[in-house]
Amino acid sequence: GEHNLFQRFASASARHLLRFNAQSTSNLAYAYALIKHNPILGGGSNLFDLLARQSVHLFGKFKPQDFSNLVWAFATVKVSNPELFAKVAEAVVARDLNSFNAQELANIVWAYATAEAKHPDIFRKIADVVVSRDLDSFNAQNLTNIVWAFATAKEKHHCLFRKIAGVVVARDLKSFKPQELANIVWAYATAAVSHPRLFEIVANELIGRDLKSFMPQNLAMIAWAYVTANICHSRLFNQIAGASIASCRGFNPQDTANLLWAYASIGQVHQSLFASFSTTAATLIEQCNVRELANIARAFAVANVDAPNLFSARFVDALTQKSNTFTVEDFGQLHQWQLWRVEMNARVRLPPSIQDRCCVAFTSSSIHVSDFQKDVVCELSAIGLQPKDEVLLPSGYRLDALVEVYGQRVGIEVDGPSNFIDGMPTTKTMLKQRQVAAIDGIAIVSIPYWEWDRLGNDRDARQRYLWSKLALFSVPYYPPNTYAHSSFDLHMPSQAHFQRQRQEGLGESVVWFGRQEYFN
């Protein structure tokens with residue numbers, strides 16, 4: 001039928017290909033790409049190989065649309081031809097790109113990113129042209145494809161991203177399709193280009209739509225993008241959760257892993273989401289790769305939602321069979337999952353040999369001591385607590401400092417900006433606090449960077465601040481400049497004392513036996 005017709009047409013075209021001009025050649029490639037078909041011809045060759053050889057001789061007569069159609073076709077059909085892409089890049093870079101329209105520029109960079117053809121010069125030249133133009137003629141698809149291509153190809157061009165973001169936030173986003181909204185936030189998150197206004201505008205558009213009509217991939221990409229960009233939008237995440245639960249059976253392994261990773265990372269534990277996806281993930285165990293299994297495992301550990309139907313002998317068998325392909329990151333995530341199994345007193349755990357490899361990977365990360373950490377340890381020493389720094393615990397976690405106060409071991413964590421999202425601790429931070437308390441029996445006191453920064457270089461204020469943190473553990477509270485070990489009777493500061501500290505901007509966050517409390 002139809003297939004035979006296209007096959008016969010391809011065979012006939014191959015016999016007359018030398019007579020094709022530039023436009024005919026590129027149009028033929030474009031036509032077969034539309035049906036995603038690369039006909040096999042006599043002698044073991046295929047149509048796209050012949051088109052590549054023919055096209056090179058016609059580049060001098062190629063118009064912008066011919067270049068665009070040609071590389072778009074090869075990328076769409078997934079035909080690898082590095083030589084063709086190299087020669088097209090050379091030819092395009094040599095041209096004056098002012099004659100290329102929005103669609104042509106977008107298609108070219110999309111094709112190079114999709115085909116994984118590394119040619120920085122063509123990306124750089126197209127970016128410069130886009131930045132120099134008024135982008136009113138660029139539609140939603142053009143704008144989205146360009147930033148998606150640059151992010152995918154790992155080609156950095158900050159001015160390009162800023163220019164396109166400015167255009168997007170000024171547009172009526174109702175013209176953007178779900179895939180385009182997902183791709184644009186994914187691109188900015190992947191390229192690590194900070195633009196909170198763009199994410200806010202897109203979120204506002206998304207919460208006004210029926211997200212149940214979005215494909216699972218769109219939902220997972222959006223959630224992943226907001227978390228990766230360190231932007232928490234509770235209302236959006238609530239709606240994504242509801243839409244995802246409604247379509248959970250349509251999620252593939254990658255989308256499932258990305259979605260659960262996102263919700264675990266943002267610290268929004270939707271019990272119903274994790275409960276629904278425990279069943280979905282269980283049906284996908286054998287289809288998951290190592291990274292997906294590790295991400296799913298850690299997500300449930302962070303959420304602290306038990307899922308016996310998922311974490312069964314099948315899950316452990318799948319991990320064991322793939323253990324030779326684990327990366328250090330995979331081992332590290334699975335170590336945290338194993339600690340969670342201990343927390344839960346669960347029977348299904350990793351085999352001892354894999355547990356050992358996970359622990360080694362988890363504890364092998366390099367140690368970096370910041371000036372912030374050095375200052376805190378210095379002040380802890382000044383008040384006579386004799387801190388031990390960079391203490392490796394039996395759980396495998398490492399504490400910035402460990403002190404003993406009133407007979408109780410207390411961990412000190414110096415938490416910089418990377419430990420917070422929108423002023424709240426990340427789930428990485430909260431998981432560490434929970435597991436150290438559960439496994440090692442040590443409560444952690446957090447020293448947020450913004451509280452410490454407010455103290456400036458006033459050592460007296462720093463030391464009073466540290467005492468206020470540790471006072472919850474029945475530590476003697478000494479007035480300023482009287483840090484003797486036993487000169488004063490023990491007493492717990494009153495609630496009025498803590499109220500005064502909050503008014504002074506001190507002690508805004510404390511941990512009471514492993515539970516983080518944030519005062520408003």
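# Sheet, cores and helices

Visitor: How many residues of β6 are buried?
Guide: β6 is a strand; strands (E, at least two residues) and helices (H or I, at least four residues) are DSSP runs, numbered from the N terminus. Buried means under 20% relative accessible area, exposed means over 50%, and partly exposed lies in between (1.4 Å probe, protein chains only). β6 is mostly covered, and its buried residues number six of six.

Visitor: What kind of model is this?
Guide: Residues are numbered from 1 along each chain as its sequence is written, and side-chain values use heavy atoms, with hydrogens and water left out. Local features need pLDDT of at least 70, side-chain atom pairs count only at pLDDT 80 or more, and totals for chains, interfaces and linings use all residues, since the model is predicted.

Visitor: Which residues point the other way from Ala443, Val445 and Ile447 in β6?
Guide: The residues of β6 point to two sides, and all of them are buried. Ala443, Val445 and Ile447 point one way, and the other way point Ile444, Ser446 and Pro448.

Visitor: What is the strand order of the open sheet?
Guide: Two strands pair if DSSP finds at least two bridges between them. The edge strands, which pair on one side only, are β1 (388-392) and β6 (443-448). The pairing in this open sheet of four strands is mixed, and the order is β1-β2-β3-β6.

Visitor: Do β3 and β6 run parallel or antiparallel?
Guide: β3 (residues 408-415) runs antiparallel to β2 (residues 398-405), with five bridges between them. Six bridges join β3 to β6, and these two strands run parallel.

Visitor: Which residue in β6 does Ile412 stand opposite?
Guide: Ile412 is in β3, where it is the bridge partner of Ala401. In β6, Ile412 stands opposite Val445.

Visitor: At about what angle to β6 does helix α23 run?
Guide: Axes are lines fitted to C-alpha atoms, for helices over the stretch in contact, and angles run from 0 to 180 degrees between N-to-C directions. Contact means heavy atoms within 4.5 Å. Helix α20 (residues 371-382) lies across β1, β2, β3 and β6, at about 150 degrees to β3. Helix α23 (residues 459-470) lies across β2, β3 and β6, and its angle to β6 is about 145 degrees.

Visitor: Which helix gives the most to the largest nonpolar core?
Guide: A nonpolar core is a set of buried Ala, Val, Leu, Ile, Met, Phe, Trp, Tyr and Cys residues joined through side-chain atoms within 4.5 Å. The largest one has 157 residues, and Tyr112, Tyr188, Tyr226, Phe274, Phe300 and Leu310 have the most contacts inside it. With ten residues from 290-303, the helix that gives the most to this core is α16.

Visitor: How many residues are in the other core, which includes Val377 and Ile383?
Guide: In soluble globular proteins, nonpolar side chains tend to be buried together. Besides the core of 157 residues, another lies apart. Ile412 and Ile447 are also among its members, and its residue count is 21.

Visitor: How far apart are the end C-alpha atoms of α8?
Guide: The expected span of a helix is 1.5 Å times one less than its number of residues. For the 13 residues of α8 (residues 140-152) this gives 18 Å, so the prediction agrees with the distance between the end C-alpha atoms, 18 Å.

Visitor: Which residue caps the N-terminal end of α8?
Guide: α8 is mostly covered, with eleven of its 13 residues buried. Its buried residues are covered by elements including α6 (102-114), α7 (120-132), α9 (158-170) and α10 (178-190). A polar contact is a pair of N or O atoms within 3.5 Å; within protein, one must be able to donate a hydrogen and the other to accept it, and residues adjacent in sequence count only if both atoms are side-chain atoms. A side-chain oxygen lies 3.1 Å from the backbone nitrogen of Gln141, and the capping residue is Asn139.

Visitor: Which residue with a positive phi follows α14?
Guide: α14 is mostly covered, with eleven of its 14 residues buried. At its start, a side-chain oxygen of Asn252 reaches to within 3.1 Å of the backbone nitrogen of Gln254. After the helix, with a positive phi near 80 degrees, comes Gly267.

Visitor: Which residue takes a positive phi just after α12?
Guide: Ten of the 13 residues of α12 are buried, and the elements covering them include α10, α11 (196-207), α13 and α14. Just after α12, the residue with a positive phi of about 60 degrees is Asn230.
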